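Student: Could we go through this structure together? I would like to start with a helix end and then move to the interior.

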Amino acid sequence: MNAIVPAEAVPYDAQALTGPEKAAVIILALGEENARPLWESFDEDELREVTLAITQLGAVTSTMVESLMVDFVENIARTGPVSGSAATARRMLENILPKDKVDAILAEVKGPAGRTMWDKLSNVNPVLLARYLSKEHPQTIAVVLSRINPDHAAQVIAKMPGPMAEETVNRMLTLGPVQKDVLTEIEQTLQNEFITSLTETQGHDTFEMMAEIFNCFDRQTERRFMETLREKNPEAADRIKALMVVFEDLLHIDDHDVQILLRYLDKSQLAVALKGANDEVASLFFRNMSERAAKILRDDIDIMRPLRAREVEAVQQKIVEIAKQLNDEGKIFLSKRNEHEVIF
């Protein structure tokens with residue numbers, strides 16, 4: 001987060017600031033990378049106005065920054081209902097992208113990536129697909145799983161209830177040729193009942209956007225803003241907190257997914273992250289490693305120099321980002337804090 005709190009900072013009156021000036025303060029407070037989504041949402045005229053405001057703004061007190069950030073979140077919380085459609089999305093995209101890229105994006109967001117239904121299913125989180133298929137007849141499940149990527153089918157079967165999984169495997173072993181009209185009916189049902197529903201639930205609302213921003217703050221900054229927001233709008237604070245993902249939330253993933261996550265982690269970074277983690281989180285990682293690897297990691301942690309909390313939290317957040325990316329790719333399954341819902 002950019003430092004904009006010099007002793008001689010100008011004592012601005014929040015009410016006297018224009019819209020572009022308020023936007024300029026928030027963008028400077030978020031920093032270049034975190035503010036990117038805001039920049040990309042402006043049209044050319046708005047970009048000029050905000051850019052001009054930044055060049056003329058000067059220094060702003062930390063109290064003013066905090067006040068504007070809280071007002072920003074509160075305004076989001078008070079936002080009334082909005083209406084979106086494919087036509088609206090197309091118009092917005094065409095303002096910033098060439099037509100061919102717009103067409104490609106819209107084609108992709110209609111469902112999981114893939115040209116055919118079976119390609120799309122191979123890109124759906126295996127836990128979600130297992131939950132949906134578990135309601136179907138084993139013969140139907142066998143047909144579906146026989147058509148998707150074998151590796152993905154294996155993950156789906158592993159997430160299904162034991163008896164259902166066993167019956168499905170038996171059906172797949174004896175599965176003969178499937179009539180074309182039966183396949184067509186299954187594809188149509190999957191599109192109408194599952195893929196369309198999945199696409200509709202994957203949109204991010206404004207609270208999800210703010211949760212992403214809060215996730216990018218260091219812990220001290222996040223706590224400061226969250227405490228201030230909680231005083232003014234506890235409901236908004238609770239909603240944002242529930243959507244955030246922190247290092248301790250990794251306790252909610254199963255051992256198999258922890259083992260997958262470990263493949264993508266730098267062991268030196270993991271040592272830093274666990275240096276400041278509680279025993280329960282540390283145990284989660286140690287028990288999913290070989291005895292030798294766990295011993296080496298423990299030794300690395302024991303001989304590590306003392307670390308500042310900020311250093312540890314920064315590395316922990318990097319690991320969270322890797323876990324979230326793997327979740328988005330369907331390689332692991334994350335659940336929300338104290339809930340059993342999927343994080344998209």
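Tutor: Let us begin with the N-terminal end of α10, bearing in mind that this is a predicted model. Asn149 caps that end of the helix.

Student: Which backbone nitrogen lies 2.8 Å from a side-chain oxygen of that cap?

Tutor: The backbone nitrogen of Asp151 lies 2.8 Å from a side-chain oxygen of Asn149.

Student: And which residues of α10 are buried?

Tutor: Within α10, which spans residues 150–159, the buried residues are His152, Ala153, Gln155, Val156 and Ile157.

Student: What do they pack against?

Tutor: The buried residues of α10 pack against four helices: α7 (117–121), α8 (126–133), α9 (138–147) and α11 (162–173).

Student: Changing topic: how many cavities of 30 Å³ or more are there?

Tutor: The structure holds 2 of them. The largest has a volume of about 40 Å³, and the second largest contains about 30 Å³ of space.

Student: Which residues line the largest one?

Tutor: Its lining consists of Pro126, Val127, Gln155, Lys159, His256, Asp257, Lys331, Ile332 and Phe333. Two or more of the lining residues come from each of α8, α10 and α16 (255–263). Gln155 therefore appears here again, as a lining residue that is also buried in α10.

Student: How does that lining divide into nonpolar, polar and charged residues?

Tutor: There are 4 nonpolar, 2 polar and 3 charged residues in the lining of the largest cavity.

Student: What about the second largest cavity, by class?

Tutor: The lining of the second largest cavity has 6 nonpolar residues, with no polar and no charged ones. Those residues are Met69, Val70, Val73, Phe214, Phe225 and Leu229. The helix α4 gives the most to this lining, with 3 residues, and α14 supplies at least two.

Student: Now the nonpolar packing. Which residues touch the most other members of the largest nonpolar core?

Tutor: In that core of 34 residues, they are Leu30, Met69, Val73, Met210, Phe214, Phe217 and Ile240. At least two core residues come from each of α1 (19–30), α3 (44–57), α4 (62–77), α13 (206–216), α14 (219–232) and α15 (234–243).

Student: Which residues does Phe214 touch?

Tutor: Leaving aside residues up to four places away in sequence, Phe214 touches Val73, Glu222, Phe225, Met226, Ile240 and Met244. Of these, Val73 and Phe225 also line the second largest cavity, as does Phe214.

Student: What lies apart from the largest core?

Tutor: Another core, of 32 residues, lies apart from it, and its members include Val281, Phe285, Met289 and Ile332. Ile332 is also one of the residues lining the largest cavity.

Notes. Residues are numbered from 1 along each chain as its sequence is written. This is a predicted model: local features need pLDDT of at least 70, side-chain atom pairs count only at pLDDT 80 or more; totals for chains, interfaces and linings use all residues. Side-chain values use heavy atoms; hydrogens and water are left out. Buried means under 20% relative accessible area, exposed over 50%, partly exposed in between (1.4 Å probe, protein chains only). Contact means heavy atoms within 4.5 Å. A polar contact is a pair of N or O atoms within 3.5 Å; within protein, one must be able to donate a hydrogen and the other to accept it, and residues adjacent in sequence count only if both atoms are side-chain atoms. A nonpolar core is a set of buried Ala, Val, Leu, Ile, Met, Phe, Trp, Tyr and Cys residues joined through side-chain atoms within 4.5 Å. On a 1 Å grid over the protein atoms alone, a cavity is a set of points where a 1.4 Å probe fits but cannot get out, and a pocket is an open set with protein on both sides within 12 Å along at least five of seven lines; lining residues have an atom within 4 Å of a point. Grid points are joined across faces, edges and corners, and a volume is the space filled by probe spheres set on the points. Ala, Val, Leu, Ile, Met, Phe, Trp, Tyr, Cys and Pro count as nonpolar, Asp, Glu, Lys and Arg as charged, and the others, Gly among them, as polar.
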